[in-house]
Amino acid sequence: MSTTELPASHAELMDGVYRWQRHIYDLTRKYYLLGRDRLIDGLDVPQGGTVLELGCGTGRNIALAARRYPDTRFFGLDISAEMLETANAAIAREGLSGKVKLARGDATDFDAKALFDVEQFDRVFVSYSLSMIPGWEKTISAALAALAPGGSLHVVDFGQQEGLPRWFRTMLRGWLRKFHVSPRASLRDVLESESQRTGATFRFRTLYRGYAWLAMIGSSK
């Protein structure tokens, strides 16, 4: 999908949300986007492998992962031109431009070959993006389709806060709605269903009493 074919309404919405927030995003989100570093530690990228992040935002995760896995090539996709501007600046500032390629695209429907000249990836991960993407189930299907044999999809996102007090859950949901974020109650079921459909392995963990959910789908070789 070219940038001219992006769903204009969602792309414009995200650009509007992040036009100013992107400048303070990493400073503020470190307090409540929990589990991201644990996901990166668990990628276990093979030597010389390739990694794609869907919804790469400011490039924070890719920059961290690139330091964690120095022999890996990284690719990032985001629908927001505003976020990509910040991400490209961060990647250049970190001296990672030679091993990281970013592109604008829709995580629910993308052509990796056209965007990155790479068709399959050893690891694909999605960090706190599914809760913002309309039709997020398609992102999971698209991510699995982009996996190389033996590859794995890693997801971290808001859980249902099932082990936390009701007042906290109500307050958090109200705050998230201001940013068009909606925790996906059926996320575990959809991931498990997709793993069964594709004959893949499935691992799922709740973090911090259900504040966040962390999952991995591993494809067969």
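These legends describe close-up views of a predicted model.

**View 1. The largest cavity.**
The structure holds 2 cavities of 30 Å³ or more. The largest one encloses about 340 Å³ of space. Its lining is made up of 27 residues. Nearest the centre of this cavity lie Gly 55, Cys 56, Gly 57, Asp 78 and Ser 129. Four elements each give two or more residues to the lining: α1 (8-21), α2 (25-29), α4 (60-68) and β2 (73-78). Of the elements, α1 gives the most, with 3 residues. By class, the lining of the largest cavity divides into 12 nonpolar, 9 polar and 6 charged residues.

**View 2. The second largest cavity.**
This cavity has a volume of about 100 Å³. Aromatic names in its lining include Tyr 18, Tyr 25, Tyr 32, Tyr 128, Phe 158 and Phe 179. Leu 33, Met 132, Leu 176 and Val 181 also line the second largest cavity. Arg 29 is another lining residue. The class count is 10 nonpolar, no polar and 1 charged. Arg counts as charged, so Arg 29 is the charged residue in this lining.

**View 3. The salt bridge between Asp 37 and Arg 60.**
A search of the whole structure finds 5 salt bridges. In one of them, the side chains of Asp 37 and Arg 60 meet at 2.7 Å, N to O. Asp 37 belongs to helix α3 (residues 36-41) and Arg 60 to helix α4, so the pair ties together parts that are 23 residues apart in sequence. Asp 37 has a relative accessible area of 37%, which makes it partly exposed. Arg 60 is also partly exposed, with a relative accessible area of 23%.

**View 4. The salt bridge between Arg 68 and Asp 41.**
Here the side chains of Arg 68 and Asp 41 meet at 3.4 Å, N to O. Arg 68 sits in helix α4 and Asp 41 in helix α3. The pair links distant parts of the chain, 27 residues apart. Arg 68 is partly exposed, at 42% relative accessibility. Asp 41 is partly exposed too, with a relative accessible area of 46%.

**View 5. The salt bridge between Lys 113 and Asp 117.**
The side chains of Lys 113 and Asp 117 form a salt bridge of 3.0 Å, N to O. Lys 113 counts as partly exposed, at 41% relative accessibility. Asp 117 reaches 54%. The cut-off for exposed is over 50%, so Asp 117 counts as exposed.

**View 6. The backbone at Tyr 128.**
Phi of Tyr 128 is near 50 degrees, a positive value in a residue other than glycine. Tyr 128 is placed in the loop between β4 (121-127) and α7 (136-145). Its relative accessible area is 4%. Buried means under 20%, so Tyr 128 counts as buried. The residue also appears in View 2, where Tyr 128 helps line the second largest cavity.

**View 7. The backbone at Arg 209.**
Arg 209 is not a glycine, yet its phi is positive, at about 60 degrees. The residue is found in the loop between β6 (201-207) and β7 (212-218). At 57% relative accessibility, Arg 209 counts as exposed.

Terms used
Residues are numbered from 1 along each chain as its sequence is written. This is a predicted model: local features need pLDDT of at least 70, side-chain atom pairs count only at pLDDT 80 or more; totals for chains, interfaces and linings use all residues. Side-chain values use heavy atoms; hydrogens and water are left out. On a 1 Å grid over the protein atoms alone, a cavity is a set of points where a 1.4 Å probe fits but cannot get out, and a pocket is an open set with protein on both sides within 12 Å along at least five of seven lines; lining residues have an atom within 4 Å of a point. Grid points are joined across faces, edges and corners, and a volume is the space filled by probe spheres set on the points. A salt bridge is a side-chain nitrogen of Lys or Arg within 4 Å of a carboxyl oxygen of Asp or Glu. Buried means under 20% relative accessible area, exposed over 50%, partly exposed in between (1.4 Å probe, protein chains only).
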